[in-house]
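Here is a friendly walk through one structure, feature by feature. Please keep the viewer open as you read.

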Amino acid sequence: MPNTGALVWDQIGEKLYEAGVDHGVVYPVNTTNNTYDSGYAWNGLISVTESPSGAEPTDLYADNIKYVSMRSAEDFGGTIEAYTYPPQFADLDGTAEIATGVRIGQQKRGMFGLSYRSLIGNDTDSNDHGYKLHLVYGATCSPSEKGYETVNDSPDAITFSWEFTTTPVSVTGHKPTAIITIDSTLADATKLANLEAILYGSDGTVTYTEFTGSTFVAGTDYYTRTGTEGAYVYTKTTDATPQSGVTYYTKSTSGATAPRLPLPNEVMTLMAAG
């Protein structure tokens with residue numbers, strides 16, 4: 001909608017900025033069905049630098065004038081920096097485990113997806129105004145540089161850095177893309193919550209059932225209960241066998257979902273639903 005009034009600068013609440021990065025998740029590609037169906041939390045994430053490239057102009061001339069300016073295809077890549085990384089990312093970073101705790105390098109690099117948030121701040125809410133959710137598809141990374149040095153009187157942790165490139169995936173009605181960005185201050189909150197439940201997984205519903213057997217089954221956890229109805233606390237028991245006068249419970253979970261990265265078409269449908 002075009003602006004019909006006079007422009008006004010620096011209104012209260014409109015002095016926006018972006019800062020920080022958090023909620024990093026890496027999603028290895030399932031090569032069986034080419035989906036991103038198992039995500040792992042990325043602790044120690046320092047930064048994700050988005051580096052679009054391409055879209056270079058090529059000028060064509062005719063009739064002694066610039067006839068048209070054509071642009072090359074745009075590519076998307078970037079750099080990830082972190083203090084550490086999920087163990088599952090090691091398989092994507094060109095290493096392979098040949099024994100417990102033993103890895104070899106120079107192996108095949110896997111494709112993965114990535115999600116992370118950058119914070120949106122303003123002059124009234126500071127960094128709590130909102131966030132942007134970034135979804136990256138079709139990524140592969142280059143080897144990381146690791147600089148080991150002696151511990152001294154100015155200690156610092158080693159940082160790891162990976163450059164990544166992407167292969168875009170299809171989007172109905174649009175050109176293929178490797179990056180989706182969602183602004184929490186503009187998107188529907190309920191739809192965004194539903195998307196995040198997919199991205200981060202859900203624990204489901206936990207149910208405790210009274211144990212009526214006479215012996216414990218190996219590999220099953222048993223719990224005792226304290227408190228009052230509506231505020232029960234269940235504690236895992238260390239008893240090796242059922243004790244007289246003690247009531248035990250077993251725990252089951254239903255409806256839990258694994259974290260996964262939905263493809264752009266599913267994201268588009270989720271955010272446009274209703």
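## The hairpin of S9 and S10

Ala-99 has Val-102 of S10 as its bridge partner. The model is a predicted one, and in it strand S10 covers residues 102-104 and runs antiparallel to S9, with three bridges joining the two. Between S9 and S10 there are two residues, making a hairpin, and Gly-101 in the turn takes a positive phi of about 80°.

## A second hairpin, S18 and S19

Further along the chain, you can look at strand S18 (residues 223-226) and strand S19 (residues 233-236), an antiparallel pair held by four bridges. Within this pair, Arg-225 sits opposite Tyr-234 of S19. Here six residues lie between the strands of the hairpin, and Gly-227 has a positive phi near 95°.

## Strand S1 and its two partners

Strand S1 (residues 17-28) is joined to S11 by eight bridges, and the two run antiparallel. S1 is also antiparallel to strand S2 (residues 40-41), this time with two bridges.

Val-26 is a handy residue to select here. Opposite Val-26 in S11 is Leu-114, while in S2 the residue opposite Val-26 is Tyr-40.

## Aromatic pairs

How many aromatic pairs does a search of the whole structure find? The search gives 18. One of them is formed by Phe-89 and Phe-112, in an edge-to-face arrangement with the centres 5.4 Å apart and the planes at 80°. This pair connects distant parts of the chain, 23 residues apart: Phe-89 belongs to the loop between strand S8 (77-82) and strand S9 (96-99), and Phe-112 to strand S11 (residues 112-122).

## Where two helices cross

Which helix does H1 cross in a right-handed manner? The answer is H2, which H1 passes in a right-handed crossing. Helix H1 spans residues 189-200 and helix H2 residues 264-272; their axes come within 8 Å and cross at roughly 145°.

On the H1 side, the residues making the contact are Lys-191, Leu-192, Leu-195 and Ile-198, and on the H2 side they are Glu-266, Val-267, Leu-270, Met-271 and Ala-272. Sorted by class, this contact of H1 with H2 has seven nonpolar residues, two charged ones and no polar ones.

## Ser-184, just off the strand

Ser-184 is placed in the loop between strand S16 (179-183) and H1. Setting aside neighbours within four places in sequence, Ser-184 is in contact with Gly-130, Tyr-131 and Leu-192. Leu-192 also appears among the H1 residues that contact H2. With Tyr-131 there is a polar detail to look at: a polar atom of the Ser-184 side chain lies 2.9 Å from the backbone nitrogen of Tyr-131.

## Glu-210 in strand S17

Glu-210 is part of strand S17 (residues 205-210). Which residues does Glu-210 touch, if those up to four places away in sequence are not counted? They are Thr-247, Tyr-248 and Tyr-249.

To get a sense of the span of the model, you can also select Arg-71 together with Glu-210: C-alpha to C-alpha, they are 68 Å apart in space, and in sequence they are 139 residues apart.

How values were computed
Residues are numbered from 1 along each chain as its sequence is written. This is a predicted model: local features need pLDDT of at least 70, side-chain atom pairs count only at pLDDT 80 or more; totals for chains, interfaces and linings use all residues. Side-chain values use heavy atoms; hydrogens and water are left out. Two strands pair if DSSP finds at least two bridges between them. Axes are lines fitted to C-alpha atoms, for helices over the stretch in contact, and angles run from 0 to 180 degrees between N-to-C directions. A crossing is left-handed if the near helix is turned anticlockwise from the far one by less than a right angle, and right-handed if clockwise. Contact means heavy atoms within 4.5 Å. Ala, Val, Leu, Ile, Met, Phe, Trp, Tyr, Cys and Pro count as nonpolar, Asp, Glu, Lys and Arg as charged, and the others, Gly among them, as polar. A polar contact is a pair of N or O atoms within 3.5 Å; within protein, one must be able to donate a hydrogen and the other to accept it, and residues adjacent in sequence count only if both atoms are side-chain atoms. Rings of Phe, Tyr and Trp (its six-membered ring) pair if their centres lie within 6.5 Å; planes under 30 degrees apart count as stacked, over 60 as edge-to-face and the rest as tilted.
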